[in-house]
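Here are a few friendly notes to read alongside the model. Take them one at a time, and keep the 3D view open as you go.

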Amino acid sequence: MGSEHTPPLVRPGRGAEIIERKRKPDGTVREYPCTLEFRSQTVTIIRFVMAKGGTIVGLPVEVPPGSVSDGYFWPRRTYNLYRMKHADGSIIVHRFDAVADVRVSDAAVDYRDLVLDWWALPDGTLIEEDRDELEALLADGKMSKIDAKRANQAARDVFSRYRHIIDEAEALERRWVRD
């Protein structure tokens, strides 16, 4: 009998394929093929290329084909952040999502979506989405009071700090682009 050799565990580097796995309150799971841009103990940044682009309903935002979305995931925070950019790197818009249970592995960034989203427009306007959906899920017993509390904490975090969070993301981007 020959001995089997198990290769050492290797952490993926920049450009490695990684899946963004979003678990919705209704139990559906959405997966998006991405690439890893940066990973540390406190934050993981992944990139999704938006081949089709499109209009964001209800917002004065147009996402052209070929734009990219860099997703920032902090395992200990109540939100994540997407920096949507033109192909040349200029910012289109920022979006925050209320999230829970962010887990990062070599293969995936996995999290639970807590419904609420916020759009930070280039002029600094912050727009909340899906408050009615959150309230309906809570009233119908399809969202726990604990998750609603987490989503509302994310709202407080984003409303009070969104400009600081965007500044932090810009600093992180300068770091990983340079590395």
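1. Let us start with one residue, Asp130. It sits in the loop that links strand β10 (126–129) to helix α1 (131–139). Please keep in mind that you are looking at a predicted model.

2. Is Asp130 buried, exposed or partly exposed? Its relative accessible area is 30%, so Asp130 is partly exposed. The class called partly exposed runs between the 20% limit for buried and the 50% limit for exposed.

3. Which residues does Asp130 touch, once those up to four places away in sequence are set aside? The partners are Val115, Leu116 and Asp117. For a separation across the model, try Gly13: Asp130 and Gly13 are 117 residues apart in sequence, and their C-alpha atoms are 35 Å apart in space.

4. Now move along to Ala148, which belongs to helix α2 (residues 145–178). Its relative accessibility is 4%, and because buried means under 20%, Ala148 counts as buried.

5. What is in contact with Ala148, leaving aside neighbours within four places in sequence? You should find Leu134, Leu138 and Met143 there. You can also look at Glu135: 13 residues separate Ala148 and Glu135 in sequence, with 8.3 Å between their C-alpha atoms.

6. With those two residues in hand, step back to the whole chain. The protein has 10 strands and 2 helices. Reading along the sequence gives the pattern β-β-β-β-β-β-β-β-β-β-α-α. The radius of gyration is 17 Å, close to the 16 Å that the globule rule gives for 179 residues, so the protein is as compact as a globular protein of that length. Along its principal axes, the C-alpha trace spans about 65 × 40 × 30 Å.

7. How much of the protein is buried? Of its 179 residues, 42% count as buried. The protein exposes about 10200 Å², and carbon and sulfur atoms supply 52% of that area.

8. Contacts can also be sorted by distance along the sequence. Among those between residues at least 6 apart, 46% join residues at least 24 apart.

9. Finally, have a look at the charges. The protein carries 28 positive and 30 negative charges, and the mean positions of the two sets are 5 Å apart.

Methods: Residues are numbered from 1 along each chain as its sequence is written. This is a predicted model: local features need pLDDT of at least 70, side-chain atom pairs count only at pLDDT 80 or more; totals for chains, interfaces and linings use all residues. Side-chain values use heavy atoms; hydrogens and water are left out. Helices (H or I, at least four residues) and strands (E, at least two) are DSSP runs, numbered from the N terminus. The radius of gyration is taken over C-alpha atoms; the globule rule is 2.2 Å times the number of residues to the power 0.38. Buried means under 20% relative accessible area, exposed over 50%, partly exposed in between (1.4 Å probe, protein chains only). Contact means heavy atoms within 4.5 Å. Accessible areas come from the Shrake-Rupley method with a 1.4 Å probe; for residues, only the protein chains shown count as cover. Lys and Arg count as positive and Asp and Glu as negative; His and the chain ends are not counted. The place of a charge is taken as NZ of Lys, CZ of Arg, CG of Asp or CD of Glu.
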